[in-house]
Amino acid sequence: MGEVLSIKHKQTWEVCPWCGNKVIVIDSRSIYGRYYGLIAECIECKARVKLNQSFKGGLLATPEIRQQRMLCHEKFDSVWKKGLADRSQLYKVLADKLNIPRPACHFSYFNLTDLKRAYKIINQ
């Protein structure tokens with residue numbers, strides 16, 4: 001199935017912060033049917049986060065958090081993917097409006113409250 005998330009990742013888990021069960025690293029094919037990289041996932045509640053080379057970890061996301069992340073990314077990503085703004089600059093503006101350091105401004109780091117705040121800002 002998978003192995004316990006190793007120390008090489010930015011954030012490590014042995015137990016899920018939501019339900020207290022074991023967290024393992026799995027291949028994304030087991031969830032999505034195609035490969036998007038590795039995923040840290042709780043064996044019980046299925047809270048998860050994607051792991052990749054440029055971004056190594058974030059908050060394990062419950063279904064509600066995953067839904068809010070998708071909403072944020074849908075709006076946010078549409079701006080830079082259309083070439084209307086630079087992605088890095090958008091994150092800087094969002095960080096400034098959230099009053100957080102730029103390195104901490106990533107949707108995978110946000111809890112549900114932060115995601116809802118970010119969503120309101122993105123939609124202004």
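**Figure 1. A look at Lys46 in the loop between β3 and β4.** In this predicted model, the loop that holds Lys46 joins β3, residues 38–42, to β4, residues 48–51. Lys46 is not a glycine, yet its phi is positive, at about 65 degrees. Is Lys46 buried or partly exposed? Its relative accessible area is 32%, so Lys46 counts as partly exposed.

**Figure 2. Thr62 in the loop between β4 and α2.** Here is a loop residue with another kind of setting. Thr62 has a relative accessible area of 18%, and because the limit for buried is under 20%, Thr62 counts as buried. Which residues does Thr62 contact, once its neighbours within four places in sequence are left aside? They are Trp18 and Ala47. Ala47 also belongs to a core of nine residues, and Cys42, Val49 and Leu60 are among the other members.

**Figure 3. Helix α2 and the elements it packs against.** Follow the chain through residues 63–81 and you have traced α2. With 19 residues at 1.5 Å a residue, α2 should span 27 Å, and its end C-alpha atoms are 26 Å apart, which agrees. Which residues of α2 are buried? They are Ile65, Arg66, Gln68, Arg69, Cys72, Phe76 and Asp77. These buried residues pack against β4, α3 and α4. Just after the helix comes Gly83, with a positive phi of about 80 degrees.

**Figure 4. Helix α3 and its buried face.** This helix covers residues 87–98. Its 12 residues, at 1.5 Å each, should span 16 Å; the end C-alpha atoms are 16 Å apart, which agrees. Leu90, Tyr91, Leu94, Ala95 and Leu98 are the buried residues of α3. Why do we say that they line one face of the helix? Seen down the axis of α3, they fall within an arc of 135 degrees, so they line one face. The cover over these buried residues includes α2 and α4. At the start of α3, look for Asp86: one of its side-chain oxygens reaches to within 3.2 Å of the backbone nitrogen of Ser88.

**Figure 5. The loop between α3 and α4, with Asn99 and Pro103.** Asn99 follows α3. Like Lys46 in the earlier view, Asn99 is a residue other than glycine with a positive phi, in this case near 60 degrees. Asn99 has a relative accessibility of 69%, so it counts as exposed. Further along this loop you can find Pro103. Is Pro103 buried or exposed? At 64% relative accessibility, Pro103 counts as exposed. From C-alpha to C-alpha, Pro103 is 9.1 Å from Tyr91, and the two are 12 residues apart in sequence.

**Figure 6. Helix α4 and the cap at its N-terminal end.** Residues 112–122 make up α4. At its N-terminal end sits the cap, Asn111, with a side-chain oxygen 3.1 Å from the backbone nitrogen of Thr113. Leu112, Leu115, Ala118, Ile121 and Ile122 are buried in α4. What do these buried residues pack against? They pack against α2 and α3.

**Figure 7. The largest nonpolar core.** This view brings the three helices together. How many residues are in the core? There are 17, and those that touch the most other members are Phe76, Leu94, Phe107, Phe110 and Ala118. Helices α2, α3 and α4 each supply at least two residues of this core. Take Ala118 as an example: with residues up to four places away in sequence not counted, Ala118 touches Cys72, Leu94, Leu98, Phe107 and Phe110.

**Figure 8. The whole chain, for orientation.** Step back now from the close-ups. The chain has four helices and four strands, in the order β-β-α-β-β-α-α-α from the N terminus on. Of its 124 residues, 37% count as buried. Among contacts between residues at least 6 apart in sequence, 36% join residues at least 24 apart. The mean pLDDT of the chain is 86, and 85% of the residues reach 70 or more. Over residues 1–10, though, the pLDDT is below 50, and beyond near neighbours in sequence this stretch has 27 contacts in the model.

Note on methods
Residues numbered from 1 in each chain as written. Heavy atoms only, no water. Expected span 1.5 Å × (residues − 1). Buried < 20%, exposed > 50% of the residue type's maximum accessible area, 1.4 Å probe, protein only. Arc of directions from axis to C-beta. Contact = heavy atoms within 4.5 Å. Polar contact = N/O pair within 3.5 Å; in protein donor to acceptor, adjacent residues only side chain to side chain. pLDDT = per-residue confidence, 0-100. Core = buried A, V, L, I, M, F, W, Y, C linked by side-chain atoms within 4.5 Å.
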